[in-house]
Amino acid sequence: MVGAPLFSEFLVSVVFVAASQLPTPFATFTMHGFLDDATGKEHVALTLGDVSDGEPVLGRLHSECLTGDALFSMRCDCGYQLEAALRAIAEEGRGVLLYLRQEGRGIGLLNKIRAYALQDGGADTVEANERLGFAADLRDYAICKPMLDHLRINSLKLMTNNPRKVNAVEGFGVRVAERRPLQNGLNPHNERYLATKAGKLGHLLGNLHQGEVE
């Protein structure tokens, strides 16, 4: 069992709080803050350009990865994907990135560290989650719907390797006009991790050999 559906039909309680400018090395984005009243989790959307004109928007739904996004971990490809997505949006001059507080595919930071310890002992990323009593992927992308509604986005050119994410987005009524692969950061520390994502989680990845993934 891969995990819970990536889209829940239950009502979500995500509300917009505030927006501000966020200068980055790639572009100056508008940062929109959202609060999920049900869980207390805070989520962010970064937008660039006019995303509310009805045309498909280059976008990424990025689940939080403290180790990869902030601490430069090479065990995964998350930080590499985050940077590549922001660069792509900046180059296009228009786009959106939703930063979702769903650490460790939904199991949380401390359980993720426990899973890493099991991986140090030989388990792959799916086996580690399952040994801890979790499904392989517990993320629920229903929280994205009110965020995209607030931004008046109804069609995406989605940067992802995960077909289940495409299904989730279409499941809550946002059109995926195009799926753009996002393969970055292959290295000796994450080669097995990426192979497991392809083999057990169905991610659409190319040839996983050193030097062949950009």
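Colleague: Is Lys112 buried or exposed, and how should I read that label?

Modeller: Buried means under 20% relative accessible area, exposed means over 50%, and partly exposed lies in between (1.4 Å probe, protein chains only). Lys112 has a relative accessible area of 7%, so Lys112 is buried. This is a predicted model, in which local features need pLDDT of at least 70 and side-chain atom pairs count only at pLDDT 80 or more, while totals for chains, interfaces and linings use all residues. Residues are numbered from 1 along each chain as its sequence is written, and side-chain values use heavy atoms, with hydrogens and water left out.

Colleague: With which residue does Lys112 form a salt bridge?

Modeller: A salt bridge is a side-chain nitrogen of Lys or Arg within 4 Å of a carboxyl oxygen of Asp or Glu. For Lys112 the partner is Glu103, with the closest N and O atoms 2.6 Å apart, and Glu103, at 6% relative accessibility, is likewise counted as buried. The structure holds 14 salt bridges, and a network of them links Glu92, Lys157, Glu178 and Arg180.

Colleague: Which parts does the salt bridge between Asp77 and Lys197 tie together?

Modeller: Helices are DSSP runs (H or I, at least four residues), numbered from the N terminus. Asp77 and Lys197 approach to 3.2 Å between their closest N and O atoms; because Asp77 lies in the loop between helix 1 and helix 2 and Lys197 in helix 8 (residues 191-201), the pair ties together parts that are 120 residues apart in sequence. Both residues, Asp77 and Lys197, are buried.

Colleague: Where does UniProt place the feature "active site"?

Modeller: UniProt positions follow the numbering used here, and its annotations may be inferred rather than shown by experiment. The unreviewed entry gives Asp137 and Arg139. Asp137 is in the loop between helix 5 (125-131) and helix 6 (144-151), as is Arg139, and their side chains meet in a salt bridge of 2.8 Å, N to O. The side chain of Arg139 also has a polar contact (N or O atoms within 3.5 Å, one able to donate a hydrogen and the other to accept it) with that of Ser63, at 3.5 Å.

Colleague: Which residues does UniProt list for "binding site", and what does Cys76 touch?

Modeller: The unreviewed entry lists Cys65, Cys76 and Cys78. Contact means heavy atoms within 4.5 Å; leaving aside residues up to four places away in sequence, Cys76 touches Cys65, Gly68, Asn190 and Tyr193, and Cys78, in helix 2, touches His62, Cys65, Asp69 and Tyr193.

Conventions:
Helix = DSSP H or I, 4+ residues; strand = E, 2+ residues; numbered from the N terminus.
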